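Here is a round of questions on how labels attach to a model. Each answer sets a value against its criterion.

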Amino acid sequence: MRKLRLEDIKEIKIERKVFDERTLFAIYKLITKGAIKSVESLVKEGKESLIFSAKDKQENWLALKIYRTLHCDFKSMWKYLIVDPRFSSIKKGRRSVVYNWCKREFKNLKIAFGVGVSCPLPIAFYENILVMKFIGKNGTPAPRLIDMSLRRGEAEYVYKFVLEEMKKLLEARLIHTDLSPYNILIWDKPYLIDFSQAVTLEHPFAKEFFSRDVKNINSFFKKFEVKIKELKIE
Ligand SMILES: Nc1ncnc2c1ncn2[C@@H]1O[C@H](COP(=O)(O)OP(=O)(O)OP(=O)(O)O)[C@@H](O)[C@H]1O
Ligand SMILES: [Mg+2]
């Protein structure tokens, strides 16, 4: 018998009313596809998604990002999606929107990882579930940058690192659009996470989004008195 603790998932479902039958089925599907072997525990509960730790057949730790399908503002999500030229023709229904939101995060992570950006390796997605490599140890996630107390030298290292990742993303024609110390995990090195809303340079607001990312990152690092750079799209 596989190690999936479906009972646990069902309990979470009943307690928190987050999973519908389709999501449970999607977990089964990911197991039969061989992407995951077991679901371990709930790591974080966000507004739009739940993050679970999981394992693959080789006992490697994985992160499952399960987008809520029942309690989500899919109308706003739809508005954000259809201005992305890659998703301009999606249907407006709740499921279609959430699945495409998940698909976009997978696609974005693939682009980012493909050009060597430090981000979780995307492994698979199915409907509203994204499977990626776990950043942290034994199911405990790495701390976010916002939760760290950094010395000036450390801040300088992280800042330079993040700027390099932003440049790599630009070269791949991708803009994160929600880059902040909340979406950077610090482990053996900094990792950029949460790419669901990232857009390509073709997006009509690409420049504005990029300036906002730069502003958010710079205003965090200014506090550490590191030398600030104003990255711009040429
Ligand atoms: N690959 C991963 N490995 C380990 N932990 C992760 C991973 N991805 C996400 N997490 C954990 O889950 C949290 C939320 O992830 P993420 O930012 O992608 O989702 P979100 O929907 O934006 O959630 P929130 O509403 O909290 O911002 C992260 O801060 C981190 O603690
Ligand atoms: Mg986030």
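**Ligand shell and strand pairing**

This model is predicted. Around ligand 1 there are 19 residues, and G46, A63, P120, P141 and D194 come nearest. Two or more shell residues come from each of β1 (38–45), β2 (49–55) and β3.

Q: What makes a residue count as near ligand 1?
A: Its C-beta atom, placed from the backbone, must lie within 6 Å of the ligand. The shell around ligand 1 holds 19 residues, so 19 residues pass that cut-off.

Q: How do the residues of the shell around ligand 1 divide into nonpolar, polar and charged?
A: Nine are nonpolar, four polar and six charged. Gly counts as polar, so G46 falls in the polar class.

Q: Which domains does the shell around ligand 1 draw on?
A: Domain 1 (6–137) and domain 2 (145–222) each give at least three residues.

Q: Why is strand β5 (residues 129–133) called mostly covered?
A: A residue is buried if 20 or more other C-beta atoms lie within 10 Å of its own. Four of the five residues in β5 meet that criterion, so the strand is called mostly covered.

Q: How do you know that β3 (residues 61–67) and β5 pair?
A: Pairing takes at least two bridges. Five bridges join these strands, so they pair, and they run antiparallel. K65 stands opposite L130 in β5.

Q: What makes β4 (residues 122–126) a partner of β5?
A: Four bridges link them in the antiparallel sense, against a minimum of two, so they pair. P122 has M132 as its bridge partner in β5. β4 and β5 form a hairpin with two residues between them. In the turn, E127 has a positive phi of about 50°.

How values were computed. Residues are numbered from 1 along each chain as its sequence is written. Chains are lettered from A and ligands numbered from 1 in the order in which they are written. This is a predicted model: local features need pLDDT of at least 70, side-chain atom pairs count only at pLDDT 80 or more; totals for chains, interfaces and linings use all residues. A residue is buried if 20 or more other C-beta atoms lie within 10 Å of its own, exposed if 12 or fewer, and partly exposed in between; C-beta atoms are placed from the backbone. Domain bounds come from an automatic or database domain assignment.
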